Amino acid sequence: MKQTTKKQIFKIGSLAVAILLFVGSSPNSSSSGQARMNADYVEACSCHLFCPCYFNKHAEHPMCEFNMAVHVRGGQSGATNLAGAKYWLTGDLGDEWGTAKKGKWVVVSFDPTTTKPQRDALAPIILKTYGLEWGELRVQEAPIEIKRIGISRRLNSATASWLT
Amino acid sequence: MKLKREPGADGNGVVLKNVKYFDAQSNNGFELYKSLEHRADVQGHQFNYSDRNAFLISIDSGMPVPGK
């Protein structure tokens with residue numbers, strides 16, 4: 001009887017270790033507890049070159065109207081692989097982004113190929129990246145195409161991006 | 001958007017390094033461009049510019065996952 005109990009305990013113990021090892025080695029687990037992404041941005045705004053928003057608390061004009069086309073090269077949030085996701089931000093930083101952390105408006109467009117789990121994971125990362133409270137925030141779906149045109153990355157190189 | 005790269009003094013382009021991109025954790029530098037066309041017509045908002053600020057950049061961004 002005592003021997004049986006020992007065997008049962010050993011079996012339960014083995015099972016618990018196996019489960020712990022399985023959970024620990026799951027490729028979907030986020031061991032660091034961080035949602036992370038690496039993304040390529042194509043960005044333009046209403047300021048003249050170079051946008052003073054990166055060195056000052058105000059844009060060149062009382063607005064900074066922008067487009068940002070984004071391709072996520074890699075990243076993970078929990079079980080969600082973020083690689084390949086595409087989104088586009090159109091908006092206006094307004095005149096209080098540098099002093100009151102308030103943006104005027106932003107529209108987040110997700111490419112149809114970006115899955116719902118990717119969108120759900122990316123939304124808080126996008127908001128965290130800019131750290132602004134938006135007066136108007138809308139989300140929509142639209143096809144996004146990003147192309148690099150030209151023979152090299154030198155003088156003749158241009159980048160065109162479309163949101164249709 | 002349609003952009004053209006700024007050639008810089010040697011024709012190899014201009015890259016601005018060591019400048020923070022909002023709250024992103026890191027970036028590889030701002031590759032400077034100018035807009036040939038930059039417009040929007042979305043959700044009741046319209047604008048249209050050219051010959052203005054533009055750049056390409058790669059960023060690393062992240063945040064804690066709730067409950068982790």
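This text goes through the elements of chain A, one of its strands and a charged patch on the surface, in a predicted model.

Chain A has 164 residues, and 42% of them are buried. Its secondary structure consists of 2 helices and 8 strands. Read from the N terminus, the order of these elements is α-β-β-β-β-β-α-β-β-β.

Strand S1 of chain A covers residues 34–45. Of its 12 residues, 9 are buried, so the strand is mostly covered, where buried means under 20% relative accessible area. S1(A) pairs with a strand of its own chain, S2 (residues 65–77). The two run antiparallel and are joined by 10 bridges. Within this pairing, A:Asn38 lies opposite A:Gly74 of S2(A).

S1(A) also pairs across to chain B, where its partner is strand S6 (residues 53–64). This pair is antiparallel as well, with 11 bridges between the strands. Here A:Ala39 faces B:Ile59, a residue of S6(B).

The surface offers another feature that involves both chains. A:Lys57, A:Lys101 and A:Lys128 gather with B:Lys20 in a patch of positive charge. A:Lys101 sits in a loop of chain A, between strand S4 (86–92) and strand S5 (102–110). Why can A:Lys101 count towards a surface patch? Its relative accessible area is 44%, which makes A:Lys101 partly exposed. A patch takes residues with over 30% relative accessible area and no salt bridge, so A:Lys101 meets the requirement on area.

Definitions and conventions
Residues numbered from 1 in each chain as written. Chains lettered and ligands numbered in written order. Predicted model: local features only at pLDDT ≥ 70, side-chain atom pairs only at ≥ 80, totals over all residues. Heavy atoms only, no water. Patch = residues over 30% accessible without salt bridge, like charges linked within 9 Å, V, L, I, M, F, W, Y side chains within 5 Å. Areas by Shrake-Rupley, 256 points an atom, 1.4 Å probe, with all protein chains shown as cover. Salt bridge = Lys/Arg side-chain N within 4 Å of Asp/Glu carboxyl O. Lys, Arg positive; Asp, Glu negative; His and termini not counted. Charge placed at Lys NZ, Arg CZ, Asp CG, Glu CD. Helix = DSSP H or I, 4+ residues; strand = E, 2+ residues; numbered from the N terminus. Buried < 20%, exposed > 50% of the residue type's maximum accessible area, 1.4 Å probe, protein only. Pairing = 2+ DSSP bridges.
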